[in-house]
Amino acid sequence: WYQRRVREAVVSTQSTGGVVGLGAFGFNRQPVPEGRKIITTTRSHMQQSVQDAIDSCKPDKLIQIGGSGSKCILVAEGIADAYLFASPGTKKWDTCAGEAIIKALGGRMTDVFGKLYSTTLTSRIPIKQGYWLL
């Protein structure tokens, strides 16, 4: 079960998933308006590097929420356009479920420079430079 939390209250309990080539399920996807820039990021681990990366994007709106899964679902639903965390230290198991859903929808996970990340068993732990989920 994936439990979406807002300020420690469970607002929904749902199963979500995705398979590349088959799509994703367990959430309601909204159409994304052209040219909109809404970024979601950390609520509790904000560092200057994260803030600087966000500022450079000049987003229309910033959504700060806890939990990597919650941020991935915001992107999957079309509520946010990207999930940005420009800081080292995240482990691949923090992002792999959300990445699978985003990939099933045709999105991708990259480092902050746009290079695709690998989440294979032999890939680097932790993620060194931060990441985007788009």
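**Exercise 1. Find what percentage of the chain's residues is buried, and describe how the chain is built.**

Step 1: In this predicted model, buried residues, meaning those under 20% relative accessible area with a 1.4 Å probe and protein chains only as cover, make up 38% of the 134 residues in the chain.

Step 2: Helices (DSSP runs of H or I, at least four residues) and strands (DSSP runs of E, at least two) are numbered from the N terminus, and the chain has three helices and nine strands.

Step 3: Along the sequence these elements follow the pattern β-β-β-β-β-α-β-α-β-α-β-β.

**Exercise 2. Decide which residues of helix 2 are buried, and say what follows the helix.**

Step 1: Helix 2 spans residues 68-77, and nine of its ten residues are buried.

Step 2: The buried residues are Ser68, Ser70, Lys71, Cys72, Ile73, Leu74, Val75, Ala76 and Glu77.

Step 3: Just after helix 2 comes glycine 78, which takes a positive phi of about 85°.

**Exercise 3. Locate aspartate 111 and explain why it counts as buried.**

Step 1: Aspartate 111 lies in the loop between strand 8 (109-110) and strand 9 (131-133).

Step 2: Aspartate 111 counts as buried because its relative accessibility is 8%.

Step 3: The C-alpha atoms of aspartate 111 and leucine 84 are separated by 9.5 Å, although these residues are 27 residues apart along the chain.

**Notes on the numbers.** Residues are numbered from 1 along each chain as its sequence is written, and side-chain values use heavy atoms, with hydrogens and water left out. Because the model is predicted, local features need pLDDT of at least 70 and side-chain atom pairs count only at pLDDT 80 or more, while totals for chains, interfaces and linings use all residues.

Notes. Buried < 20%, exposed > 50% of the residue type's maximum accessible area, 1.4 Å probe, protein only.
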